[in-house]
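I am opening a notebook on a structure that is new to me, and I begin with the interior before turning to single residues.

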Amino acid sequence: MRCANALELSADFECAGQIVEGDCIEALRGLPSGSADLVFADPPYNLQLGGDLLRPNNTRVDGVNHAWDRFDDFESYDRFTRLWLQECRRVLKPDGALWVIGTYHNIFRLGAALQDLGFWLMNDIVWLKTNPMPNFKGTRFTNAHETLIWAARDKSSRPTFNYDSLKAFNDDLQMRSDWLIPICSGQERLRDDGGRKAHPTQKPEALLMRVLLATTKPGDLVVDPFFGTGTTGAAAKALGRRYIGIERDPDYVAAARARIAAVRPCDTGSIAPIVSKRAEPRVPFGMVLELGMLRPGDVLFDAKARIEAQVMADASLLWQGTRGSIHAVGAKAQGRAACNGWTYWHFNEPRSGLAPIDILRAEVRRTLHPARYRA
């Protein structure tokens, strides 16, 4: 099924994964409140160009000089910005979030509008371009980056953040707020029948892939009010996310539809993010005993088998007259204020010797939640 407009979309919301052709504000008004998990927006830059930009050889730079990027003044741009941001905030779920990208021409106005409207800023990301366009006139620094703002719907929101997946992506280092990604070029750059860029500000799919990997889950709904030639939709389809794109230019819509139709989705088993330790179901140590993985009277050790504690029937530990939880006794034994007992205490595993009791906690989780931890 293909949704022709926002009214149809509002009436049959299950057709998410579609493009709405029309004005972004009117189309957003047709979407149900609290329905989107994420909004990604690449709004007009309002570049305020005064004429053509020429290279040193007098050839014209194929830049942004389209009508959709022209506003009478800052007041009209700000008014437009607040209108579409208000609708995006309404469309977001309570724990939803928004990404917006811009240059020095507009990103500071966008940031002020976000804060004025009640969004809660999470991070700003600097997209460092490995191959930026030179400054041909030699009058300014080469503009080699764009800025993205990641903002929660409000201060109390708890937006998705796949920290552990991003850390794995980055070779076990925390993902930083400076992302080195090439601009869209080569075969990825869409061209019209005349060989010209189909869209002057087409973003690289790698950028959108990282945004979606970082802040969405499979099946989440992503709304893009400035869909252009469909980079958000292409990334969403590949990663098993649903999308709704809004675009008023019929040529861009046609290019986006053809592009997304050719995208091959990733296998569903390969797109789930790593489950964060903080998001995993809580397991009390007593359940290890209830499931017979340890028994009262068993002895636990530190990693070097120098400290021993006895397991009691109520799931407490006894060490040198001190009795308490695995965490409290572990802290006492080390002379520390706190301790993660799951990783500190070890048991005699028949096949491999000393092993942390955390592997027993993992087994409890697999037993209680088999669908969640199925390989």
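**Entry 1: the cores.** I looked up the largest nonpolar core and found that it has 31 residues, with Trp84, Leu98, Val100 and Val223 making the most contacts inside it. I keep in mind that this is a predicted model. Two or more residues come to this core from each of α2 (24-29), β2, α3 (74-91), β3 (92-102), α4 (107-116), β5 (145-152), β7 and β8. The most is given by α3, which supplies six residues. Apart from this core I noted another, of 28 residues, including Leu38, Phe40, Trp99 and Val222. As general background, I wrote down that nonpolar side chains tend to be buried together in soluble globular proteins.

**Entry 2: Leu98.** I then listed what Leu98 touches, leaving aside neighbours within four places in sequence, and found Leu38, Val39, Leu85, Cys88, Leu92, Leu114, Phe119, Ile149, Trp150 and Ala151.

**Entry 3: helix α7.** How many residues of helix α7 (residues 231-238) are buried? I counted seven of its eight, and I therefore call the helix mostly covered, taking buried to mean under 20% relative accessible area. The buried ones are Thr231, Thr232, Gly233, Ala234, Ala235, Ala236 and Ala238. When I checked what these residues pack against, I found β2 (36-41), α6 (205-215), β7 (221-224), β8 and α8. After α7 comes Gly240, and I noted that its phi is positive, near 75°.

**Entry 4: Glu247.** I went next to Glu247, which is found in strand β8 (residues 242-247). Which side chain of opposite charge is nearest to Glu247? The nearest is that of Arg248, 5.7 Å away, and Glu247, although buried, has no salt bridge. I did find a polar atom of the Glu247 side chain 3.0 Å from the backbone nitrogen of Asp249. Not counting residues up to four places away in sequence, Glu247 touches Val20, Glu21, Gly22, Phe226, Phe227, Gly228, Tyr252 and Val253.

**Entry 5: Ser270.** I finished with Ser270, whose place is in the loop between α8 (250-261) and α9 (285-290). Is Ser270 buried or exposed? Its relative accessible area is 54%, and because exposed means over 50%, I recorded Ser270 as exposed. The side chain of Ser270 reaches the backbone oxygen of Asp267 at 2.7 Å. I also looked back to Gly240, the residue I had noted after α7: its C-alpha atom and that of Ser270 are separated by 9.8 Å, while the two residues are 30 apart along the chain.

Key: Residues numbered from 1 in each chain as written. Predicted model: local features only at pLDDT ≥ 70, side-chain atom pairs only at ≥ 80, totals over all residues. Heavy atoms only, no water. Helix = DSSP H or I, 4+ residues; strand = E, 2+ residues; numbered from the N terminus. Buried < 20%, exposed > 50% of the residue type's maximum accessible area, 1.4 Å probe, protein only. Polar contact = N/O pair within 3.5 Å; in protein donor to acceptor, adjacent residues only side chain to side chain. Lys, Arg positive; Asp, Glu negative; His and termini not counted. Salt bridge = Lys/Arg side-chain N within 4 Å of Asp/Glu carboxyl O. Contact = heavy atoms within 4.5 Å. Core = buried A, V, L, I, M, F, W, Y, C linked by side-chain atoms within 4.5 Å.
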